[in-house]
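Me: I would like to learn how to read a small protein model feature by feature, with the general idea set out before the particular case. Could we work through one together?

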Amino acid sequence: MTRFSGKNRRPSTVFRDNKVHEAYEETCRELGEYSRLVPRQHIYEKVKVRTGLSTKTIAYILNHTEKENDWEE
């Protein structure tokens, strides 16, 4: 569900958002302890390669949504 209340999102959008969150978490795991030291843009670029979304969209998803557990594969 989105962080801000009262907003309903389509199931396909929630699924896409979850995939972005998963890609971000996996990238941070790969970097290990250095994930806090690497510029955010570098991580976003790695997520961009995996998802094909723009950096602006990735930033919006990561900053304004939470991963929803109901939509896992």
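Me: How many helices and how many strands does the protein chain have?

Reply: This is a predicted model, and its protein chain has 3 helices and 0 strands. Read from the N terminus on, the elements run α-α-α.

Me: What do the contacts and the surface of the protein chain look like as totals?

Reply: Among contacts between residues at least 6 apart in sequence, 63% join residues at least 24 apart. The accessible surface comes to about 5300 Å², and 49% of that area belongs to carbon and sulfur atoms, while 32% of the 73 residues count as buried.

Me: How should I read the length of a helix, and what span should α1 have?

Reply: The idea is to compare an expected span, built from a rise of 1.5 Å a residue, with the distance between the end C-alpha atoms. For α1, the 21 residues should span 30 Å, and the end C-alpha atoms are indeed 30 Å apart, so the two values agree. For α2, which has 12 residues, the expected span is 16 Å, and the distance between its end C-alpha atoms is likewise 16 Å.

Me: What follows α1 and α2 in the chain, and what sign does phi have there?

Reply: Just after α1 comes Gly32, with a positive phi of about 65°, and α2 is followed by Gly52, whose phi is also positive, near 80°.

Me: Which residues of α2 are buried, and where do they fall when seen down the helix axis?

Reply: The general idea is that an α-helix has 3.6 residues a turn, so residues three or four places apart point the same way. In α2 the buried residues are Ile43, Tyr44 and Val47. Seen down the axis of α2, its buried residues fall within an arc of 100°, so they line one face of the helix. What covers them includes α1 and α3.

Me: Which elements do the buried residues of α1 pack against?

Reply: They pack against α2 and α3. The buried residues of α1 include Val14, Val20, Ala23 and Leu31, and also His21 and Asp17. Taking Ala23 as a case, and not counting residues up to four places away in sequence, Ala23 touches Val47, Arg50 and Thr51.

Me: How many residues are in the largest nonpolar core, and which element gives the most to it?

Reply: In soluble globular proteins, nonpolar side chains tend to be buried together. Here the largest nonpolar core has 9 residues, among them Val20, Ala23, Tyr44, Val47 and Leu53. The helices α1, α2 and α3 each supply at least two residues of this core, and α3 gives the most, with 4 residues.

Me: Why does Thr65 count as buried, and what do its polar atoms meet?

Reply: The cut-off for buried is under 20% relative accessible area, and Thr65 counts as buried because its relative accessibility is 2%. Thr65 is found in the segment after α3. Its side chain and that of His21 are joined by a polar contact of 3.0 Å, and a polar atom of the Thr65 side chain lies 2.4 Å from the backbone oxygen of Ile61.

Me: Where is Val38 found, and what is it in contact with?

Reply: Val38 is found in the loop between α1 and α2. Leaving aside neighbours within four places in sequence, Val38 is in contact with Leu31 and Ile43. Val38 and Cys28 are 10 residues apart in sequence, and their C-alpha atoms are 9.5 Å apart in space.

How values were computed. Residues are numbered from 1 along each chain as its sequence is written. This is a predicted model: local features need pLDDT of at least 70, side-chain atom pairs count only at pLDDT 80 or more; totals for chains, interfaces and linings use all residues. Side-chain values use heavy atoms; hydrogens and water are left out. Contact means heavy atoms within 4.5 Å. Buried means under 20% relative accessible area, exposed over 50%, partly exposed in between (1.4 Å probe, protein chains only). A polar contact is a pair of N or O atoms within 3.5 Å; within protein, one must be able to donate a hydrogen and the other to accept it, and residues adjacent in sequence count only if both atoms are side-chain atoms. The expected span of a helix is 1.5 Å times one less than its number of residues. The arc is that of the directions from the helix axis to the C-beta atoms. A nonpolar core is a set of buried Ala, Val, Leu, Ile, Met, Phe, Trp, Tyr and Cys residues joined through side-chain atoms within 4.5 Å. Accessible areas come from the Shrake-Rupley method with a 1.4 Å probe; for residues, only the protein chains shown count as cover.
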